[in-house]
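Please keep the model open while reading this note. The points are short and can be checked one by one.

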Amino acid sequence: MSKSDPAAIKKERNKTIRWVVTIFLVTIVISGTISFISDEVMAKSGIVTAFLILLAIILVGIIFDIIGMAVATADEKPFHSMAARKVPGAQASIRLLRNAERVSSICNDVVGDICGVVSGSASATIAAQILRSMDFGWPQIISLLMSALCAGLTVGGKAIGKTFAVNSATEIVHTVGKLIYWLNHVPDLFRKKKTKK
């Protein structure tokens, strides 16, 4: 089918629109849910626990940014030889690379942006907790320091992560592919256990 075919162009446009709408709705639902849970948990946690939650949120954003970058830069060729040898995760890795644009969009834009929003909210919660427990003459400085710390960890972590992703793209994609492979085979393990009983 030719790329200049009006039917093909319309089909592709409709596919893109559905993808954008789906991502939009999924982002709203996930972001709202995670923000609500994070706020509820952090409000009931001590300052140290709240800091650990903030670091975990930032780390998740960095990890997904690394995956998105690796998928966008990895070469598909090594995975074909792995798939020929039936290496676990090779086929899943090929699927990731053939959908690199969407995978990168989900990892970098959806998960990355959600983690950015949630970490910003979490840092504000921590600042409020610090101000409640300690007396400061200039309370704004706590909020500024928390925002700066959150931004520094996120940007610095993603900068290091991008270098790692570009240099180790094949290994990262294969690791994610193996994870998908094993997750897909978890139901089979349970079925085997039931059959043995």
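The points below cover a surface patch and two buried residues of this predicted model.

1. Start with the surface. Lys11, Lys15, Arg18 and Arg102 form a positive patch. Helix α1, residues 6-43, supplies the largest share of this patch, with three residues.

2. Look at Lys15 within that patch. Lys15 sits in helix α1. Its relative accessibility is 40%, so Lys15 counts as partly exposed. The class runs between the 20% limit for buried and the 50% limit for exposed.

3. Next, turn to Val110. This residue belongs to helix α5, which spans residues 100-133. Is Val110 buried or exposed? Val110 counts as buried because its relative accessibility is 6%, and buried means under 20%.

4. Check the surroundings of Val110. Neighbours within four places in sequence aside, Val110 contacts Ile23, Thr27 and Ser105. Glu12 makes a useful distance check: its C-alpha atom is 22 Å from that of Val110. Along the chain, Val110 and Glu12 are 98 residues apart.

5. Lys158 deserves a careful look. Helix α6, residues 140-167, holds Lys158. Lys158 is buried, yet it has no salt bridge. Which side chain of opposite charge is nearest to Lys158? That side chain is Asp65, 4.4 Å away. A salt bridge requires the side-chain nitrogen and carboxyl oxygen to be within 4 Å.

6. Finally, consider the contacts of Lys158. With neighbours within four places in sequence left out, Lys158 is in contact with Gly61, Ile62, Asp65 and Gly112. Asp65 is thus on the contact list of Lys158, but Lys158 has no salt bridge.

Key
Residues numbered from 1 in each chain as written. Predicted model: local features only at pLDDT ≥ 70, side-chain atom pairs only at ≥ 80, totals over all residues. Heavy atoms only, no water. Patch = residues over 30% accessible without salt bridge, like charges linked within 9 Å, V, L, I, M, F, W, Y side chains within 5 Å. Areas by Shrake-Rupley, 256 points an atom, 1.4 Å probe, with all protein chains shown as cover. Lys, Arg positive; Asp, Glu negative; His and termini not counted. Charge placed at Lys NZ, Arg CZ, Asp CG, Glu CD. Helix = DSSP H or I, 4+ residues; strand = E, 2+ residues; numbered from the N terminus. Buried < 20%, exposed > 50% of the residue type's maximum accessible area, 1.4 Å probe, protein only. Contact = heavy atoms within 4.5 Å.
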